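User: I am new to this structure. Can you take me through a helix and a ring pair?

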Amino acid sequence: LRLTRPSDREPARGARCVMAGVRRRNSRRKPKVNTTKPGQKAKKKRRKTFPQMEIVKERWDLSKSVRQNIEDLGLAFDPNVSIPIPKQITGLNVVVEPVQSQESVVKSASIIPELEALSKQPHGAETGKVFTLMSRSDATFLATMIATYNEDYEKMSRDKLNHKQLTSGQLKRKCQQFLKSKYFQEAQELNT
């Protein structure tokens, strides 16, 4: 039997430990400043938006805000302001039509006919060129698998090159996606 003194025992439950660690004490004295947050805010301010369409890109002014650019192009920035929804009063069955403000009037509609003409041009499935996104490494992997095993997806799933351990069903879907991708069409053009 070993006798313990009261000072050797653990502190009673609920008792606060008086001594704090050095790191905790230092962090209380001089708190660290988050250096990434101000940098992220500055980066956000510097970031400019660039339109992707060529028609819009020609007329885009980087010195103006997005709202000013869109309004200068003759487009509505906020559709709720440009085309207000009439409000109905339920008890009286009276329709109140709001007055059209100066903001809702479009300044110049110069780009609208060009955008309409662009939207009428065939694109996507209509042109016959529909590409699915796929990485180059996946495309080369699937090309070797198809060249080796044709459509035997069970053997593909057991191959040692299958590092991602894709199942036969996953490989089947990936191969179908590969056959629609631009990499497969490029490979066919090179072979012919």
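Analyst: Short questions and answers follow, and the model is a predicted one.

User: How far apart are the end C-alpha atoms of helix α7?

Analyst: Helix α7 runs over residues 136–149, which makes 14 residues. At 1.5 Å a residue, the expected span agrees with what the model shows. The end C-alpha atoms are apart by 20 Å.

User: How wide an arc do the buried residues of α7 cover around the axis?

Analyst: The buried residues are Asp138, Ala139, Phe141, Leu142 and Met145. They sit on the same side of α7, because their arc around the axis is only 165 degrees.

User: Which helices are included in what covers those buried residues of α7?

Analyst: A buried residue has under 20% relative accessible area. For the buried residues of α7, the cover includes three helices. These are α8 (153–158), α9 (168–180) and α10 (182–191).

User: Which exposed residues does the face turned away from the buried side of α7 carry?

Analyst: Exposed means over 50% relative accessible area. On α7, the face turned away from the buried side carries Arg136, Ser137, Ala147 and Thr148.

User: Which residue follows α7, with a positive phi?

Analyst: The phi there is near 55 degrees. The residue is Asn150.

User: Are the rings of Phe178 and Phe184 stacked or edge-to-face?

Analyst: The count of aromatic pairs is one. The ring centres of Phe178 and Phe184 lie 5.6 Å apart, and their planes meet at 70 degrees. Planes over 60 degrees apart count as edge-to-face, so this pair is edge-to-face.

User: Is Phe178 buried or exposed?

Analyst: Its partner Phe184 is partly exposed, at 22% relative accessible area. Phe178 has a relative accessible area of 5%, so Phe178 is buried.

Methods: Residues are numbered from 1 along each chain as its sequence is written. This is a predicted model: local features need pLDDT of at least 70, side-chain atom pairs count only at pLDDT 80 or more; totals for chains, interfaces and linings use all residues. Side-chain values use heavy atoms; hydrogens and water are left out. Rings of Phe, Tyr and Trp (its six-membered ring) pair if their centres lie within 6.5 Å; planes under 30 degrees apart count as stacked, over 60 as edge-to-face and the rest as tilted. Buried means under 20% relative accessible area, exposed over 50%, partly exposed in between (1.4 Å probe, protein chains only). Helices (H or I, at least four residues) and strands (E, at least two) are DSSP runs, numbered from the N terminus. The expected span of a helix is 1.5 Å times one less than its number of residues. The arc is that of the directions from the helix axis to the C-beta atoms. Contact means heavy atoms within 4.5 Å.
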